[in-house]
Amino acid sequence: MPEYVETLIVGGGQAGLAVSYYLGQQGRAHIILDQAPQPAEAWRNHRWDSFTLITPNWMTRLPGVEYQGDSPDAYMPRDQIVAYFEDYIARFRLPVHYGVRVVSVEPQGEGYLVRTDEGTMEAANVVIATGLFQQPRIPPVGANLPAEVRQLHSSEYHNPAALPSGAVLVVGSGQSGCQIAEELYQSGRQTYLCVSGAGRVPRRYRGKDTVWWLTRIGFFDTEVDDLPSPRARFAASPQLSGRDGGHTINLHQFARDGVVLLGHLQAVQGTKITLATDLKESLAASDQFEANLLRRIDGYIAAERLEAPQEAIPQLRDGYDADVIANLDLQAAGITSVIWSTGYRFDFSLVKLPIVDEYGFPIQRRGVTEYPGLYFVGLPWLRTLKSGLLFGVGNDAEYVASHIAGSSAT
């Protein structure tokens, strides 16, 4: 690695690669440091075997390479995602150094001193592109589970056959939790699911993939300043699936199919767990999210006078008929595995500056901080909802790269 570089990018995921693309187009000297041993590590080894994107292929848009295949409305599976990243890096000869962990970034003169596990470097600009999904988050109550119950985070789950025989408890009903729970019960496993208030989105509505409508109504362009509170940046993603050609995920259907729905997990003592009695409130929140979204789409169709077939989404209520369980004995229920679909922790303490807010989120404006030459890219709600998505990360990456070029020219 060089001792000095104009711009150093920390993280070789989609955000870091997008910034590298634009810097390369401008002829700006830069490198990417990634602690992973190979490209697309998170997609390759931290997604389950049947994983697919929930967005159609036409929304896979790293800068310079929009989708050109013959299945724009399909949903890219894990192995194709990995190949997409590998091809992208090779096509544009992006300067990624793998297996290098950045330990700290601290101000030095008019630039930054970057310490890594392979030595130190100096850079005029540093772009932090590590995202929010840095460390699997497992609630502290997990430490109280008996040793004979296998615990794993959703990032460690691969398929039902890899789990011990017996019933499975999935904690968390965002996208990952619901998709994993669905795969488990459809494989014949008795499945228990601790439900949150994550919203639901139908796969298709009024003749189009619902995500297509969401792009038309500006859903993904919602800006961070439009959120009701800063905490809303961390809301779970809506329930949806791209598996088997794409389909709706509905917790009421889960209940109809035999999944035992539970409230939030509150405590663990030996084999016994205590659950909040908020199941029906969480189901109502999910139902309301869908209803509000469909009203927005209907309003858009009416306002634009578009021709779209009328459609009534099935109003399932099976979850409301389920017993509300306050206590559950894992041993009596035959539960041998717990899958924590409880998200990730993030930590930007490697930057030795007062750079984060009360929630630990970087203080910046569209990726530009108050410290000259220090940037962030690839975070959801960096500027808009799509800032952290393959569909939108390029917009912020281009802005940051242009800011670097403009600052360097002055």
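**Exercise 1. Find which residue of strand 19 stands opposite Val171, then place strand 11 in its sheet.**

Step 1. In this predicted model, Val171 faces Trp340 of strand 19. Further along, Leu169 stands opposite Val338 in strand 19.

Step 2. Count the bridges. Strand 11 and strand 19 (residues 335–340) run parallel and are joined by five bridges.

Step 3. Turn to strand 12. Four bridges pair strand 11 with strand 12, again in the parallel sense. Here Val170 has Leu193 as its bridge partner.

Step 4. Assemble the sheet. It is open, has five strands, and follows the order 10-19-11-12-15 with parallel pairing. Strand 10 (150–153) and strand 15 (260–262) are at the edges. Each has a single partner strand, so one side of each lacks a neighbour in the sheet. From one strand to the next, the twist averages 20 degrees.

Step 5. Add the helix. Helix 4 packs on this sheet and touches strand 11, strand 12 (191–194) and strand 19. The directions of helix 4 and strand 12 make about 165 degrees.

**Exercise 2. Decide whether the faces of strand 11 are covered or open, and do likewise for strand 2.**

Step 1. Split strand 11 into its two sides. Ala167, Leu169 and Val171 lie on one side, Val168 and Val170 on the other, and all are buried.

Step 2. Draw the conclusion. Five of the five residues of strand 11 are buried, so the rest of the structure largely encloses this strand.

Step 3. Repeat for strand 2 (residues 30–34). One side carries His30, Ile32 and Asp34, the other Ile31 and Leu33, and all are buried. With five of five residues buried, strand 2 is therefore largely enclosed too.

Step 4. Find the partner of strand 2. Strand 1 (residues 4–10) pairs with strand 2 in the parallel sense, over four bridges. Thr7 has His30 of strand 2 as its bridge partner.

**Exercise 3. Work out the layout of the sheet built from strands 16, 17 and 18.**

Step 1. Read the order. This open sheet runs 16-17-18, and its pairing is antiparallel.

Step 2. Locate the edges. Strand 16 (265–269) and strand 18 (327–329) each pair on one side only. The twist averages 20 degrees from one strand to the next.

Step 3. Check one pairing. Three bridges join strand 17 (residues 272–275) to strand 18. Among the residues involved, Ile273 has Leu328 in strand 18 as its bridge partner.

**Exercise 4. Identify the elements that build the largest nonpolar core.**

Step 1. Start with the general rule. In soluble globular proteins, nonpolar side chains tend to be buried together.

Step 2. Take the core itself. The largest one has 58 residues. Phe85, Leu193, Phe254, Leu261 and Ile339 have the most contacts inside it.

Step 3. List the contributors. Elements giving two or more residues include helix 1 (14–25), helix 3 (78–91), strand 11 and helix 7 (279–304). Helix 1 supplies the largest share, seven residues.

Step 4. Zoom in on Phe85. Beyond its neighbours within four places in sequence, Phe85 contacts Gly13, Gln14, Leu17, Ala40, Trp43, Leu62 and Leu390.

Step 5. Do not merge the cores. A second, separate core has 26 residues, including Leu33, Val105, Tyr112 and Tyr371.

**Exercise 5. Classify the ring pair Phe220 and Phe391 and say which parts of the chain it links.**

Step 1. Use the geometry. The ring centres are 5.9 Å apart and the planes stand at 70 degrees, so the pair is edge-to-face. The structure holds 18 aromatic pairs.

Step 2. Trace the chain. Phe220 sits in the loop between helix 5 (210–216) and helix 6 (251–256). Phe391 sits in the loop between strand 21 (374–376) and helix 10 (393–409). The two are 171 residues apart, so the pair links distant parts of the chain.

Step 3. Apply the burial cut-off, under 20%. Phe220 has a relative accessible area of 9%, so it is buried. Phe391, at 15%, also counts as buried.

Step 4. Look at other rings. Ring pairs join Phe234, Phe346, Phe348, Tyr359, Phe361 and Phe376 into a cluster. Arg233 lies over the face of Phe361, 4.3 Å from the ring centre. Arg47 lies over the face of Phe51, at 5.6 Å from the ring centre.

Conventions: Residues numbered from 1 in each chain as written. Predicted model: local features only at pLDDT ≥ 70, side-chain atom pairs only at ≥ 80, totals over all residues. Heavy atoms only, no water. Phe/Tyr/Trp six-rings, centres within 6.5 Å; stacked < 30°, edge-to-face > 60°. Buried < 20%, exposed > 50% of the residue type's maximum accessible area, 1.4 Å probe, protein only. Lys NZ or Arg CZ within 6 Å of the ring centre and 35° of its normal. Core = buried A, V, L, I, M, F, W, Y, C linked by side-chain atoms within 4.5 Å. Contact = heavy atoms within 4.5 Å. Pairing = 2+ DSSP bridges. Axes fitted to C-alpha atoms, helices over the stretch in contact; angles between N-to-C directions.
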